[in-house]
Amino acid sequence: MRHNIEISNSDDTIDSRDVIARIEELESERSDLSDALDEAVEASNTDETSDPEELQQAIDDAKLDLQEWDNDNKAELDALKALAEEAEGYASDWNHGEQLIRESYFTDYAREMLEDCGDVPRDLPHYIEIDWEATARNIKQDYTEVEYDGVTYLIR
């Protein structure tokens, strides 16, 4: 499993597998912290041999760790889950890897895609011009818009 995947709404492209992995990573981190809190509370309720102040300190520390995690990561987790929920309905291969393309990058993406698949030669003479904006608008019809953290991405 990949760790510390960074996903940002400033990325030109986002792979759905990275979204899935990051959600799993964040949920696992939070679950571990929640389990630690549950264990501290359980120890406080059942351990009669330990110092009650130490047991309470363990509970307080676990609560603080969970609260700090929520402050630092909950918004990211919520945004990624919202993206996944919206996008997976439009992408049949969401679990196996679908590309989300930032709307502001779509014209460059369309040009690169057409060059890569051979529809447009890479070495066009300088006197031939292609209207990449219009071409991107034509291709965009096959894509669906989804939002990630206030930014529009396109997915097919």
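Let us start with Glu98, which in this predicted model sits in the loop between α2 and β2 (99-102). Leaving aside neighbours within four places in sequence, Glu98 is in contact with Ile14, Asp15, Ser16, Ala91, Ser92, Asp93, Ile155 and Arg156. Glu98 is buried yet has no salt bridge. Arg156 carries the nearest side chain of opposite charge, 6.6 Å away. A polar atom of the Glu98 side chain does lie 3.2 Å from the backbone nitrogen of Asp93.

Now to the nonpolar cores. The largest one has 23 residues, and those with the most contacts inside it are Val19, Trp94, Leu100 and Tyr148. Two or more residues each come from α1 (16-46), α2 (52-87), β3 (144-148) and β4 (151-155). The top contributor is α2, with 7 residues. In general, nonpolar side chains in soluble globular proteins tend to be buried together.

Trp94 gives a good view of its surroundings: beyond neighbours within four places in sequence, Trp94 is in contact with Ser16, Val19, Ile20, Ala84, Ala87, Glu88, Leu100 and Ile155. Apart from this core lies another, of 12 residues, with Tyr105, Phe106, Tyr109 and Leu114 among them.

What about Ala75, in helix α2? Ala75 is exposed, because its relative accessible area of 63% is over the 50% cut-off. Asp149 is 74 residues away along the chain, yet the C-alpha atoms of the two are separated by 9.3 Å.

Here are the distances side by side:

| Pair | Distance |
|---|---|
| Glu98 side chain and Arg156 side chain | 6.6 Å |
| Glu98 side-chain polar atom and Asp93 backbone nitrogen | 3.2 Å |
| Ala75 C-alpha and Asp149 C-alpha | 9.3 Å |

Conventions
Residues numbered from 1 in each chain as written. Predicted model: local features only at pLDDT ≥ 70, side-chain atom pairs only at ≥ 80, totals over all residues. Heavy atoms only, no water. Core = buried A, V, L, I, M, F, W, Y, C linked by side-chain atoms within 4.5 Å. Buried < 20%, exposed > 50% of the residue type's maximum accessible area, 1.4 Å probe, protein only. Helix = DSSP H or I, 4+ residues; strand = E, 2+ residues; numbered from the N terminus. Contact = heavy atoms within 4.5 Å. Lys, Arg positive; Asp, Glu negative; His and termini not counted. Salt bridge = Lys/Arg side-chain N within 4 Å of Asp/Glu carboxyl O. Polar contact = N/O pair within 3.5 Å; in protein donor to acceptor, adjacent residues only side chain to side chain.
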